[in-house]
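Hi,

Here is the structure I promised to pass on. Have a look at it first, then read my notes below.

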Amino acid sequence: MMMKKTKNWSDHQSSSKSKTISFIIILSFFLSSFLTLAETPKNAPDRIRGEGPFKKLILRGGIFINGEGAPPRGPVDIVIENNKITQIVDVGNPGVPIVKSRPKAEFGDKEVDVSDHYILPGFIDMHGHMGGTYQHTTAEYSLKLWLAHGITTVREPGSFNGAEFVMHHVNASKKNTITAPRIIPYFGFGWGETFSTVKETKKWVRKIAKQGAKGIKFGGAHPKIFKAAIDEAKKLGLRTAMHHAQLDVVHLDALDSARLGLTTLEHWYGLPEAMFENQVIQNYPLDYNYNNEQHRFGEAGKLWLQAAPPGSEKWNAVRDELIALDFTLNPTMTIYEASRDLMRERNADWHKEYTSPVLWNFFQASRYAHGSYWFDWTTQDEIDWKKNYQRWMMFLDDYKNHGGRVTTGSDSGFIYKVYGFGYIRELELLQEAGFHPLEVIKSATINGAQALGMEDQIGSIAVGKMADLVIVKENPLRNFKTLYGTGHVKLDKNNKPIIVGGVKYTIKDGIIFDAKKLLEDVRNIVKADKEKIKNDKAR
Ligand SMILES: [Zn+2]
């Protein structure tokens, strides 16, 4: 069992009666009073993987899904010059030889035959912690797992390993000196500093903007301080995200913060609370204690049923106002899945070869650990959560159908969710919520780009955009499971089980990464870590 040390950062509850405004600094997707004081994780090593970028790269004969909602179309030839898409040429019809004229390759140009393969825009993980602080994994581990699953952009909410660490990787990824997706850093609000005035708050926002932050991740705050931070962030072009921790949600639910200018809602907390009709506070049992994580998660599983029902006046009014405010929902359904099916998550196919032993250790139930709340997780707890999910999914589908923006994020690195794998699962869950697979892909690509304010550069396959692409042999719309690094098992014509799938190539910035090679690297990291632990024990 890992021991966690507490650092005496400002981590106390705000009181509306108190004249001094204190606020909570949340260092993860939920507040914990146990902060790990790990040494900064190891930086990602220099890049040895990937080919390119090329003066000219031609992808021949693929079927492309543009990410903006168009149906699949192919065969097409896609021309990439350096890191930009410069041509998308329709070259024929499926099932018959190509007779149309095709873009010509000159000496030295790179051509890749992707006949009958699907080409999608690079995925955007809108909630991707790089690991380290809590998980004790290295940067290389999470970065390679993301890329291997087609994720070419990661919004890093909180950047808990500090400005220096995150900015090093942001810049190295930009220069492609490391093997990594684009990293968009949102700094954790406050970040260990205590400030109580509007002036100090604004000063802090200006400071992090200078350091390179693209946004702020909140966990909750006093409305006055929150507003000051949002106002300053807007002025500087920074975006914002918030996990509405229960400690502050009574005076700042999802609708309150959207009205003050918050741009994205992380997870779901604050949304049922905005739809309360017969209460103002969640129906806590009287022996509830927030620092008992089984209490926190067990009771959270009963929250959606306390809110106004689907189709009610209140439900519709909250939905419509949030949409009118251009508010983004980033649900990260995947991260709560152990709550509805613990055994599934604990025994997922990928743990054996891809879950680092330190990460596995971090996942185990503990009253000290973060998000390891199954001290005694019962049938009833799982049933409550299944019902919770049903309402939540209905809201997401309804939100999407009325024009609201839903994005795709994973929050992997907690609760048995492994980087990359956890993200693909989110695609499946969006489909379960009622999204057509093309709507799922839209959430995973252009919607994320819009929420980041980067839709001119990434998020769809279009001329002039960055060459961030995912290439797969199977049709992902038919079965998202084929995107898992461990692939998908099915029977062949001879009744023999075969494994298909896994991403074939991830292209980022015009550089072609062989996804299978990246997975091999990760398997080797995990193997070496296990070896090391075994040897340390033997010593
Ligand atoms: Zn998080």
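**What I found**

Sorted by class, the residues lining the largest pocket are eight nonpolar, seven polar and seven charged. In that sorting, Ala, Val, Leu, Ile, Met, Phe, Trp, Tyr, Cys and Pro count as nonpolar, Asp, Glu, Lys and Arg as charged, and the others, Gly among them, as polar. Before you go on, note that this is a predicted model, where local features need pLDDT of at least 70 and side-chain atom pairs count only at pLDDT 80 or more, while totals for chains, interfaces and linings use all residues. Residues are numbered from 1 along each chain as its sequence is written, and side-chain values use heavy atoms, with hydrogens and water left out.

Back to the largest pocket: 22 residues line it, and H136, T138, V358, D529 and K532 lie nearest its centre. (A pocket is an open set of points on a 1 Å grid over the protein atoms alone, where a 1.4 Å probe fits, with protein on both sides within 12 Å along at least five of seven lines; lining residues have an atom within 4 Å of a point.) Helix 16 gives the most to this lining, with seven residues. (Helices are DSSP runs of H or I with at least four residues, strands are runs of E with at least two, and both are numbered from the N terminus.)

The second largest pocket also has 22 lining residues, and K174, I184, K214, M454 and Q457 are the closest to its centre. Here strand 8 gives the most, with five residues.

Strand 8 turns up again in an open sheet of eight strands, ordered 6-7-8-9-10-11-12-13 with parallel pairing. (Two strands pair if DSSP finds at least two bridges between them.) Strands 6 and 13 stand at the edges with a single partner strand each, so one side of each has no neighbour in the sheet. Strand 7 (residues 151–158) and strand 8 (residues 182–188) pair over six bridges, and V154 has I183 in strand 8 as its bridge partner.

Now for the metal: which residues are the protein donors of the zinc ion? They are H127 (NE2), H129 (NE2) and D411 (OD), lying 2.0 to 2.5 Å from the ion. (Donors are N, O and S atoms within 2.8 Å of the metal, or 3.2 Å for Na, K and Ca; water is not among the atoms, so sites may look incomplete.) H127 and D411 link distant parts of the chain, 284 residues apart. H127 is buried, at 0% relative accessible area, and D411 is buried at 0% too. (Buried means under 20% with a 1.4 Å probe, protein chains only.)

Cheers

Terms used
Buried < 20%, exposed > 50% of the residue type's maximum accessible area, 1.4 Å probe, protein only.
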